[in-house]
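This briefing introduces one protein structure to a reader who is new to the subject. Please keep the sequence and the structure in view while reading the points below.

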Amino acid sequence: LSVASVEDPVVMSKIRQNLREKHARHIADLRAYYDSEIQSLKQQLESSHRTASSEDLKKINQSLADRDWCNLCVLNRCDQLDAALNEASARIKALENKNNLLEKQVADWRERFYAISNTSKVLQERLEEMRTTHKEKDNTISRLKSKLKELEEAFEKAYKLSDNKNTRLQEENKMFQNLLGEYESLGKEHERVKDTLNTTENKLLDANTEISDLKRTILKLEAQLKQVEHENTLKLRH
């Protein structure tokens, strides 16, 4: 049998069933054989009762006693073998249960590891998106600063050229206030994005730490599983 076949619970169940059947057939054959021998000797004894001497009868009785003693020894040995087989089956069953429990634990930890890995990937993608958005908003703020600076220069030039153009100055002042409000709004949005980016980075660090812990736990469980499988293999070979 290959190692994979020995580790298969279905194959092991069939092997144990075959061993039990062979053991039962062997015991039945031994009992049938000795019963037939005893019956044959009894028939010989009955047929020779009338003609045999007392010495012959003693020999026959001694032979019957010896055969009965041998039969009793064989039956006792069969009972011992049967008890040993039951004990070995119970031990194998306990090892199989422990093996199945460890396999379930490993499967659960792997599923949790995969789930956290997927969450980490999602957080990483979201972090990259937020970084891209943050960079775009930084570029927008730079453009608005340049435009604001140009408007300030234009406002100063217009103010120097004509003090009587109040209407134009009011319009430009209004435009300037609007741009200033937009600039302040973008600055606040920029701060919120920075806070969200920091929070996401902290979550990513926590997820990476938990992934490392889960990896160590999975390695430990796999080592325990290999140890139990090795012990199970040694018990099966024994």
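Of the 238 residues of this protein, 21% count as buried. The model is a predicted one. It contains 4 helices and 0 strands, and the points below move from the overall fold to individual residues and then to the charged side chains.

**Overall architecture**

- Read from the N terminus, the elements of the protein follow the order α-α-α-α.
- Among these elements, helix α3 covers residues 54-161, and helix α4 covers residues 166-237.
- Among the contacts with a separation of 6 or more, 86% are between residues 24 or more positions apart.
- The accessible surface of the protein amounts to about 17,800 Å². Carbon and sulfur atoms account for 51% of that surface.

**Leu 144, a buried residue of helix α3**

- Leu 144 has its place in helix α3.
- Is Leu 144 buried or exposed? Its relative accessible area is 14%, and a residue counts as buried under 20%; Leu 144 is therefore buried.
- Beyond the residues up to four places away in sequence, Leu 144 touches Glu 182 and Leu 186.
- Leu 144 and Tyr 183 are 39 residues apart along the chain, and their C-alpha atoms are separated by 6.9 Å.

**His 134 and His 190, a pair in contact**

- His 134 belongs to helix α3, whereas His 190 belongs to helix α4.
- His 134 counts as buried, because its relative accessibility is 15% and the limit for a buried residue is under 20%.
- His 190 also counts as buried, with a relative accessibility of 12%.
- Which residues does His 134 contact, leaving aside its neighbours within four places in sequence? They are His 190, Val 193 and Lys 194.
- With the same neighbours in sequence set aside, His 190 is in contact with His 134, Asp 138 and Ile 141.
- The contact between the two histidines thus appears in the list for His 134 and again in the list for His 190.

**Salt bridges between helices α3 and α4**

- How many salt bridges does the count come to? The count comes to 8 salt bridges, and the next points describe some of them.
- The side chains of Arg 91 and Glu 231 meet in a salt bridge, with 2.7 Å from N to O. Arg 91 lies in helix α3 and Glu 231 in helix α4, so this pair ties together parts of the chain that are 140 residues apart in sequence.
- Arg 91 is partly exposed, with a relative accessible area of 37%. Glu 231 is likewise partly exposed, with a relative accessible area of 28%.
- Arg 112 forms a salt bridge with Glu 210, and the closest N and O atoms of this pair are 3.1 Å apart. Because Arg 112 lies in helix α3 and Glu 210 in helix α4, the pair ties together parts that are 98 residues apart in sequence.
- Arg 112 has a relative accessible area of 42% and is partly exposed. Glu 210 is also partly exposed, at 31%.
- The side chains of Glu 201 and Arg 131 meet in a salt bridge as well, with 3.3 Å from N to O. This pair links distant parts of the chain, with Glu 201 in helix α4 and Arg 131 in helix α3, 70 residues apart.
- Glu 201 counts as partly exposed at 27% relative accessibility. Arg 131 is partly exposed too, with a relative accessible area of 37%.
- Which residues are linked with Arg 131 in a network of salt bridges? Glu 128 and Glu 201 are linked with Arg 131 in this network.

**A negative patch on the surface**

- Glu 150, Glu 152, Glu 153 and Glu 156 form a negative surface patch.
- One of these residues, Glu 150, is found in helix α3.
- Why does Glu 150 count as exposed? Its relative accessible area is 53%, and a residue counts as exposed when this value is over 50%.
- Helix α3 therefore holds both Glu 150, which is exposed, and Leu 144, which is buried.

How values were computed. Residues numbered from 1 in each chain as written. Predicted model: local features only at pLDDT ≥ 70, side-chain atom pairs only at ≥ 80, totals over all residues. Heavy atoms only, no water. Helix = DSSP H or I, 4+ residues; strand = E, 2+ residues; numbered from the N terminus. Buried < 20%, exposed > 50% of the residue type's maximum accessible area, 1.4 Å probe, protein only. Contact = heavy atoms within 4.5 Å. Areas by Shrake-Rupley, 256 points an atom, 1.4 Å probe, with all protein chains shown as cover. Patch = residues over 30% accessible without salt bridge, like charges linked within 9 Å, V, L, I, M, F, W, Y side chains within 5 Å. Salt bridge = Lys/Arg side-chain N within 4 Å of Asp/Glu carboxyl O. Lys, Arg positive; Asp, Glu negative; His and termini not counted. Charge placed at Lys NZ, Arg CZ, Asp CG, Glu CD.
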